[in-house]
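Take a look at the protein below. This briefing covers its ligand site, one of its sheets and a few backbone details.

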Amino acid sequence: MCGIVGYVGSRNAVPVLIEGLKRLEYRGYDSAGVAALEDGRLNIRKCVGRLRNLESQLHDTPLAGSPGIGHTRWATHGEPSDINSHPHTDSSGRIAVVHNGIIENYQELRRQLEARGHTFRSETDTEVLPHLIADELAAGAPDFEDALRRALGRARGAYALGILFADKPDTLYAARHGSPLIVGVGVGENFIASDVPAILNETSRVIYLNDGEIAALKPGGVTVSTLEGRSVQPAIKKVEIQAEAIERAGFETFMMKEIHEQPRVLRGLLDKHLDANGRVQLPGFPLAADYFENLSRIMIISCGTAYHAGMYGKLLLENLTDIPVETDLASEFRYRNPRLESGALVVAVSQSGETADTLASIRLARKWGCKVLSICNVQGSSLTRESDAVFYTEAGPEIGVASTKAYTAQLMAFCLLTLFIGRARGTIDDNLERALADALRRIPDAVHYVLGRKTEIQKIAGKHHDGPSSLYLGRKFNYPTALEGALKNKEISYQHAEGYAAGEMKHGPIALINEYLPVICICTRTDDEVYDKMISNMKEVEARHGRIIAIATDGDQSIADLAEDVIMVPDTRDEFSPLVNIVALQLLAYYAAQARGTDIDKPRNLAKSVTVE
Ligand code: AGP
């Protein structure tokens, strides 16, 4: 969603802000702006559209100064427009604010402030903040920080803020409540950012602000205090990510780079967690084997792609352990009054660790006394800080908005956790453990093999990309794969795509099938009846002249005969086939998007990390 960057130091802030905002482009945005302080004046440039529009505005009417704040906006309140872009100021133009999050009581505050003579220019919720601060200063707040504290005391909702005062030119203020914000610690200069990549080229030393904290940054130091005014000793952490990890490394898009990183990411997880005997090791993991022995229930909560990983996790855990597992969308879970006993384990899956609904759900679960295990990709994220245990997916920064490597890493996390839990509960014996571990070790090569078929996949995508719709069918372990394949296609190619459990086809979607509809059928070989059932479903599609694109096991001639196009993948143990099959679907979606000419890394309307409800 929105991105924030701020700078205070002896350099001109503006190039630093623009570079930082470029590194946040992947989060999704529709307008951008910067403010900088020069000779006691707050100057602002902002406009709708991509950062290049802002850059050309800065080229025509240059801006310089320090401190400075910058923002990329993903519209929530008020359409994308120049006026609604951040930074926003108070009526006098001497206080400027950039904001991520939503101020829920902004209408009521705006009415109060307008009644007291404040003039509003935008339709945003954010604009109440600079006016509120000005209001508190006018009402006698002894200093700027105190005015900020009092103003935030009146605001309800979520925020990460960067604030400048024309009359306090040596300080950049920041505040956080419910939306992520970090402070980057430099030498003789300091930074703020909504996400580490924004400032990774400047510093790797960061302070993760906690909810309810305010930071005052000067060139020579940072002080942190709570909203109540209590001073806090901030912990400075070293970020392990290398700046190169957020470069495209010769690939045409981040998404293509990330698709190709999957064998390495999966191998990394296996090397870290599987010992030579095929036993899963979780060193330092706070939930020991005996905790899982007595566990009564697991509830998996997540959104979007991570929800599909959760669906797979449920199938795997229920097949290989004896624990009842439920899964739910975080946005449903938090409002459906779920019945959870305190002994249940809540597993939250999230690439970013900042998804608002997922965070709200685990907070709810904690209130009931449940332990929370998160499967997460971002160290230091809110989710990891609020969990009892974290399984890091260690996929490295994922910049493409459409999740790829984070998804397969989440699937692998479930595989490894299932082996661990199954052993702890005695449902996976030595022989099965060895067989599963051997099969898992073959996954990175199988993924690599699928990547090697990309030219073929590109040709198939070229044949089918131009229709209005497509249908994705799968069963059992590959039902989530069908949903995820369809989601990838919608997200980046904007073709309507419907993911369905193949057995449900007769109950409705079969009406869609005609000689124009591409039907992507995931039918890799299995040891149970699901394979035959899937073939029957494909026959039903064939009988109605649907255009079958099958994902099949190498050498499976019966499927080749049935389908118009086949993507062959290596023979993989049934339970683990989704880790391989999805890669074919990622590529299929990718090449469809390329043929349709979309902005693959930054699809319209989407945000990388959904920090509002
Ligand atoms: C994935 O391609 C999507 N962009 C989206 O569905 C994403 O998975 C979802 O928003 C959850 O994000 P999270 O994993 O960061 O919690």
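Which residues come nearest to the ligand? They are S350, Q351, S352, T355 and E491, out of 14 residues around the ligand. Keep in mind that this is a predicted model. The ligand takes up the space of the second largest pocket.

**Contacts with the ligand**

- Q351 is one of the nearest residues. One of its backbone N or O atoms lies 2.6 Å from an oxygen atom of the ligand.
- S403 also uses its backbone. A polar backbone atom of S403 is 2.8 Å from an oxygen atom of the ligand.
- K488 uses its side chain. An N or O atom there is 3.1 Å from an oxygen atom of the ligand.
- How much of the ligand does the protein bury? Taken alone, the ligand exposes 410 Å², and the protein buries 91% of that.

**The shell around the ligand**

- What kinds of residues make up the shell? Five are nonpolar, seven are polar and two are charged.
- Two helices, α9 (304-320) and α17 (479-493), each supply at least two residues of this shell.
- Which of them gives the most? The answer is α9, with three residues.

**The open sheet**

- Seven strands form an open sheet, and their pairing is antiparallel. Follow the order across the sheet: β5-β6-β7-β8-β12-β13-β14.
- Why do β5 (88-89) and β14 (231-232) each have one side without a neighbour in the sheet? Both stand at the edges with a single partner strand, so one side of each is left free of a neighbour there.
- For β5, the partner is β6 (residues 95-103). Two bridges join this antiparallel pair.
- Look at H88 for an example of a bridge. Its bridge partner in β6 is V97.

**Backbone details**

- Most peptide bonds are trans, and most residues other than glycine have a negative phi. The cases below depart from those habits.
- The peptide bond from S66 to P67 is cis, with omega near 0°. Find P67 in the loop between α2 (51-60) and β4 (68-73).
- The bond from H86 to P87 is also a cis peptide bond, with omega near 0°. P87 sits in the loop between β4 and β5, and β5 is an edge strand of the open sheet.
- Where is D39? It lies in the loop between β2 (31-38) and β3 (41-48). D39 is not a glycine, yet its phi is positive, at about 50°.

Notes:
Residues are numbered from 1 along each chain as its sequence is written. This is a predicted model: local features need pLDDT of at least 70, side-chain atom pairs count only at pLDDT 80 or more; totals for chains, interfaces and linings use all residues. Side-chain values use heavy atoms; hydrogens and water are left out. A residue is near a molecule or strand if one of its heavy atoms lies within 4 Å of it. A polar contact is a pair of N or O atoms within 3.5 Å; within protein, one must be able to donate a hydrogen and the other to accept it, and residues adjacent in sequence count only if both atoms are side-chain atoms. Accessible areas come from the Shrake-Rupley method with a 1.4 Å probe; for residues, only the protein chains shown count as cover. On a 1 Å grid over the protein atoms alone, a cavity is a set of points where a 1.4 Å probe fits but cannot get out, and a pocket is an open set with protein on both sides within 12 Å along at least five of seven lines; lining residues have an atom within 4 Å of a point. A molecule sits in a cavity or pocket if more than half of its atoms lie within 2 Å of its grid points. Helices (H or I, at least four residues) and strands (E, at least two) are DSSP runs, numbered from the N terminus. Ala, Val, Leu, Ile, Met, Phe, Trp, Tyr, Cys and Pro count as nonpolar, Asp, Glu, Lys and Arg as charged, and the others, Gly among them, as polar. Two strands pair if DSSP finds at least two bridges between them.
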